[in-house]
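Biologist: I'd be glad of a close look at one part of this model, please. Could you start with the whole chain, then settle on the strand that you find best connected to its surroundings, and tell me what lies around it?

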Amino acid sequence: MNRTLAIAGIAIVALGVVASSALFTVNEAQQALVLQFGEPRRVIQDPGLKVKIPFIQEVRLLDRRVLDLDPPVEQVILADQKRLDVDAFARYRIHDPLRFYQTAGTEAVAETRLNSIVNSSLRRVLGNVTVLAVLSDERARIMTDIKGQVNDEAKRFGIEIVDVRIRRADLPEETSQSIFARMRSEREREAAEARAQGQEQSQQIKSRAERERTVIIAEAQRDAQILRGEGDNSALKLIAEATSQDPGFYGFYRSLEAYRKSLNGNDTTMVLSPTGEFFRYFNGVGPQAGGGAPAPAVPAPAPAPAQ
């Protein structure tokens, strides 16, 4: 009895070991490749409980989800000879497990090869465009070209490229400093040119204003001379008319002019005889000419103190 139970127990344990070796599970995020002595026998892409030959066949599970690829930053020379440090990333999935196993074997090996493919495609595509195209709306077309080239080469590994994107595209540090220095010198040149143009315009405005000022002053002086001449002419006409009516009036007028010019200050001192020729009109005594009327009497001023 005990022997029978022992045999039954051993048989149950043996069946459990065989069953655990023959059965395996594939979940929704996986796909399986069944190998027999290292040779692929079948591909399983449906999830569920699966069976294999125990101890002879083995199962290699592969991810069927979209995987991320993050290549290292690559320095690329563009068509306009500008250098860019390009940081790109890609997303891929294993769509042919058999070919993937035969060409790459593992995901680590596949990612190493994909890194080289992505960097090579970046160099080829970006080498035909300028930095302005990379920074403009053409960037989407450039990404499509890169994705197409990477996908063509990745198919031989059983990999499908879902997307390729440029995360960042920066100028190298030394190039940035050179560009900044060139931009600074360009702005300084533009500022100097603007200042020179401003000074030139300032000189033109000042010259034009000075010329207009000179013209205005000259015209004003000309008009003043004309008006002064007209005034003198009118005065001479009036004097001539008055003289023709009274010949003694001109002498009287000239004497008044002499008085006005001589006695124009408060500190004027003159030592003259009150009965002299100069003061002949102060005493109401004047020359009678041609029977004309005597000159009007002018009150005599108080005699000045002798100096």
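Modeller: Happy to! Among contacts between residues at least 6 apart in sequence, 60% join residues at least 24 apart. Do keep in mind that this is a predicted model. The protein has seven helices and nine strands. Of its 307 residues, 24% count as buried. The accessible surface comes to about 20,500 Å², and 55% of that belongs to carbon and sulfur atoms.

The part I'd pick is strand E8, which covers residues 83–94. Let's go through its partners in turn. Strand E6, residues 67–69, pairs with E8 in the antiparallel sense over three bridges. Within that pairing, leucine 69 stands opposite alanine 90 of E8. Strand E7, residues 74–77, is also an antiparallel partner of E8, here over four bridges. Isoleucine 77 has arginine 83 of E8 as its bridge partner. E7 and E8 make a hairpin with five residues between them. In that turn, glutamine 81 has a positive phi of about 65 degrees, so it is a nice spot to look at the backbone.

The next partner is strand E9, residues 159–170. Ten bridges join E8 to E9, and the two run antiparallel. Here we meet alanine 90 again, now standing opposite valine 164 in E9. Alanine 90 is therefore a handy landmark on E8: look for leucine 69 and for valine 164 opposite this residue.

One residue of E7 deserves a pause, and that is glutamate 74. Its relative accessible area is 15%, so it counts as buried, since the cut-off is under 20%. What does it touch, leaving aside neighbours within four places in sequence? Glutamate 74 is in contact with Leu84, Asp85, Val86, Asn119 and Arg123. By their numbers, Leu84, Asp85 and Val86 fall in E8, which spans 83–94, while Asn119 and Arg123 fall in helix H3, which spans 107–126.

H3 and E9 turn up once more around helix H5, where both are included in what covers its buried residues, along with helix H4 (131–134). H5 itself takes in residues 139–154, and its 16 residues reach 22 Å from first C-alpha to last, close to the 22 Å expected at 1.5 Å a residue. Its buried residues are Ile142, Met143, Ile146, Val150, Asn151 and Ala154. Seen down the helix axis, they fall within an arc of 165 degrees, so they line one face of H5. On the other side, Thr144 and Asp152 are exposed.

For a companion view, turn to the open sheet of three strands in the order E3-E2-E5, with antiparallel pairing. Its edge strands are E3 (39–44) and E5 (57–63), each of which pairs on one side only. Direction ignored, neighbouring strands here are turned by 30 degrees against each other on average. Strand E2, residues 30–36, is joined to E3 by five bridges, and alanine 32 has isoleucine 44 of E3 as its bridge partner.

To come back to E8: its antiparallel partners include E6, E7 and E9, and glutamate 74 of E7 is a good residue to centre your view on.

Conventions:
Residues numbered from 1 in each chain as written. Predicted model: local features only at pLDDT ≥ 70, side-chain atom pairs only at ≥ 80, totals over all residues. Heavy atoms only, no water. Expected span 1.5 Å × (residues − 1). Buried < 20%, exposed > 50% of the residue type's maximum accessible area, 1.4 Å probe, protein only. Arc of directions from axis to C-beta. Contact = heavy atoms within 4.5 Å. Pairing = 2+ DSSP bridges. Axes fitted to C-alpha atoms, helices over the stretch in contact; angles between N-to-C directions. Areas by Shrake-Rupley, 256 points an atom, 1.4 Å probe, with all protein chains shown as cover.
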